[in-house]
Amino acid sequence: MQETPPAAAAGPAMAIAVSGLSKTFGTTRALIDVDLRVAWGQTLAVLGHNGAGKSTLLRVIASLARPDAGTVVVGGFDRAKDAARLRSIVGYVGHQPLLYDDLTAGENLAFYARLYGVADARARIGQVLEDVGGSAWADRRVRGLSNGMQKRLAIARALLHRPSVLLLDEPETGLDVSGLAMLDRLVRGVSDGGAAVVMTTHGMERGLALADQIVVLAEGRVALAGRSTDVTPADVRAIVTRQSEVAP
Amino acid sequence: MATVGTTRAPGKTGLVQPALLIVGAAFLFTDLYLIFQYVPTERVMGIVQRLFYFHVPTVWVGFLAFFIVFVSSIMYLVKRTEVWDRRAYAAGEVGMLFLTVAMVTGAIWAKPVWGVWWVWDAKLTTTFVLWLIYIGYLMVRAYAPDKRRGARWAAVVGIVGFVDVPIVYYAAELWRSLHPELVTGPFAESGGLAPEMRTTLYFSALTFMLVFAYLFRERTAQRADEQALDELRARVG
Amino acid sequence: MSAYVRSALAIYRKDVMIEARTRETLSGVFMFALVVAFIFKFTFDPAPQVVALIGPGMVWVAYVFAGIVGMNRTFVLERDRGTLEALLLAPVPREAIYLGKLLGAFTIMIVVEAAMLPVFVVLHDLSFLSLPFAVTAVLATLGMAAVGTLFSAIAVHTRARELLLPVLFLPVALPVIIAAVSATSLLLDGGGWGDIDLWLRLMLAFDIAFLVLSSWAFEFVLEE
């Protein structure tokens, strides 16, 4: 289903290497000295309560936010020196679908295909629309699409340029049961194709089931990191609930 | 935690600032003596011409301040170190103060001499535009959603505004050639200054630079303290 | 075609497509210019010989204010649905985003300026149509769009965004406004290329200076 090439087959060993990452917003310290590594073909689930820094972490990796300290290297490209090439291999799904209301689903994808310089744009758009189950509404304006459809389209947008690193910020939001199944299928397909996936999620069980690795953030710090097989929901829950009590 | 009290390094502002204050005050009193006692009254314009020694130096310092804003803004965008932002901000605020004084003294001087408060020659137009850009510069910081973006946006405004100033001057000059006004007066001066007048003018300029330097450094240090406090707050939570 | 031009044109085409569908900005800006021109009639009720005198100023006040209204909207579309983020995520030079957005603002302004020409004829019996005037308008509008696009990217993220843009924009754009009004006056007095030559050069210098400077500065404006 996904023909994602391992972008840097002969290149860097790690898909994502984050070290000493800190980020402050005003007087809020969103991330404090975060270290993180994800290998090609691996899926990492980032867990934690609201405000733990999950979204900020993804935004920094996607080069949307600039870190105060630390290094971010994605696919061998340093965020500070090679942002453009880093961006070309990253796919990102955020809280907002990042779509234009007055363009159709197909036109939105065609626009992004141009920005990313996708070679076989027409075929590729057909392909990703089919992958997310959206072929039927390709010619409908986004304004008229339901939240679930927009979320699917946002995922299609993120996959359009065959990213070798996929970042998903709470991708379940707005998806129904069949949407969730589609998401799981896509994530597995992408990582089977050799790409690295990082997803934040509230659904702890789903995260544990889907991911190879788990990181739990609390108050901007890595509170727990390990292989998903070694971590139990109880471990995670212990951290998350403790932090929610402490949090203001 | 232990470093909180020492964010203002003693050697840095601890000795220089009091020294600047004492020297500046001495200069200021001397300057007042020169302006009101020493320098002879101008023949045509009379007593009001003494405003000249306030007006011209404050204009100079106002433009100098904006040059500091310009250079510090470039340095901030290139180096991203907070100290350059603090310098730019302080120069912007103090420069705004000087330019306001310059415009008020200029208007008070112009009224009895020219019969109007203001004329639109190239110098005055450029000064007024610079003053407006200063306001925009400070407004951007006030309206920004967070300090960091405010700093970056202000830097952009500071750079764009500075580059604009000579173009404004040229445009205003060209415009005046189309709209000639019958104005001769204070600005027909330059070459015709008596030696005492020249001495007083330069001394006054030096004095206002010292005053500027003192205020600029004081404000920069305040901003450094402010930031240290913010960082402390972030750490405490 | 370089990635720079390709991405800029993609952004421009996308904006044109959305505008063609909604016509929100274009019709709003045109109505604004129309109302300004109409208000002049009743605030000054100028006699024909006065119209010849204040006509150029009237036209450019209408153009500049309408331009501000239009440029205020340049990034509203991108901000409301967060799509500015999508542009930032893409591997396109930030200068290309600036250029694409600038072309959009420029197009809206030029179209409205052209559409207003017959309005001035009807309301004030003023006709400007000539090649030198067209060149003046293009150079002035390009300069305004160069500065306005940069500042509107700042203003859109602030509180009171409608307020900040004119405060930042008008002082900086003053040279092109002076140049446009002066050149238009000279043309209305029967002047030709030779008379407005210096003004055209001034605008050209302004345009180049601020296109280059704003392209460079744009990145720092967009960053989170």
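Analyst: Two strands count as paired once DSSP finds at least two bridges between them. Keep that in mind for the hairpin in chain A of this predicted model, where β1(A) and β2(A) are joined with two residues between them.

User: How do you know that β1(A) and β2(A) pair?

Analyst: Check the bridges. The cut-off is at least two, and β1(A) and β2(A) have eight, in the antiparallel sense, so they count as a pair. One place to look is A:Leu21, which stands opposite A:Val34 in β2(A). In the turn of the hairpin, A:Gly26 has a positive phi of about 60°.

User: What makes β4(A) and β5(A) a pair?

Analyst: They have two bridges, in the antiparallel sense. The rule asks for at least two, so β4(A) and β5(A) qualify. In that pairing, A:Val73 has A:Asp78 of β5(A) as its bridge partner.

User: And why is β5 of chain A, residues 77–78, called a strand?

Analyst: Because a strand needs at least two residues, and β5(A) runs over 77–78, it makes the cut.

User: Why are β2 and β5 of chain A called edge strands?

Analyst: Look at the order in the open sheet, β2-β1-β4-β5, with antiparallel pairing. The strands β2 (28–39) and β5 (77–78) of chain A each pair on one side only. Going inward, β1(A) pairs with β2(A) and also with β4(A), over five antiparallel bridges. One of the matches with β4(A) is A:Val18 with A:Val72.

User: Which helix lies across β1, β2 and β4 of chain A?

Analyst: That's α1 (residues 54–61) of chain A, running at about 120° to β1(A).

User: Over to chain C. What makes the contact of α2(C) with α3(C) nonpolar, polar or charged by class?

Analyst: First, who meets whom. On the α2(C) side you'll find, among others, C:Thr25, C:Phe32, C:Val36 and C:Phe44, and they face a set in α3(C) including C:Ile54, C:Met58, C:Val69 and C:Gly70. By class, that contact has 15 nonpolar, two polar and no charged residues. C:Gly70 goes with the polar ones because Gly is counted there. As for geometry, α2(C) (24–44) and α3(C) (48–72) pack at about 145°, with axes 9 Å apart, and the crossing is right-handed.

User: How many residues of chain C are in contact with chain B?

Analyst: There are 24 residues of chain C in contact with 27 of chain B. Helices α8 (161–188) and α9 (193–222) of chain C each supply at least two residues of that side, and α8(C) gives the most, with 10. The side divides into 19 nonpolar, three polar and two charged residues.

User: And what does the side of chain C that touches chain A look like?

Analyst: Here 21 residues of chain C are in contact with 22 of chain A. Helices α1 (3–22) and α5 (83–89) of chain C each supply at least two, with α1(C) giving the most, at nine residues. The classes are 10 nonpolar, four polar and seven charged.

User: How do you know how confident the predictor is about chain C?

Analyst: Chain C averages a pLDDT of 92, and 100% of the residues score at least 70. Confidence in chain C is lowest in α4(C) (76–80), at a mean of 86, and highest in α7(C) (131–155), at 96. The model as a whole scores ipTM 0.91 and pTM 0.89.

Technical notes
Residues numbered from 1 in each chain as written. Chains lettered and ligands numbered in written order. Predicted model: local features only at pLDDT ≥ 70, side-chain atom pairs only at ≥ 80, totals over all residues. Axes fitted to C-alpha atoms, helices over the stretch in contact; angles between N-to-C directions. Helix = DSSP H or I, 4+ residues; strand = E, 2+ residues; numbered from the N terminus. Left-handed = near helix turned anticlockwise from the far one by under 90°. Contact = placed C-beta atoms within 7 Å. pLDDT = per-residue confidence, 0-100.
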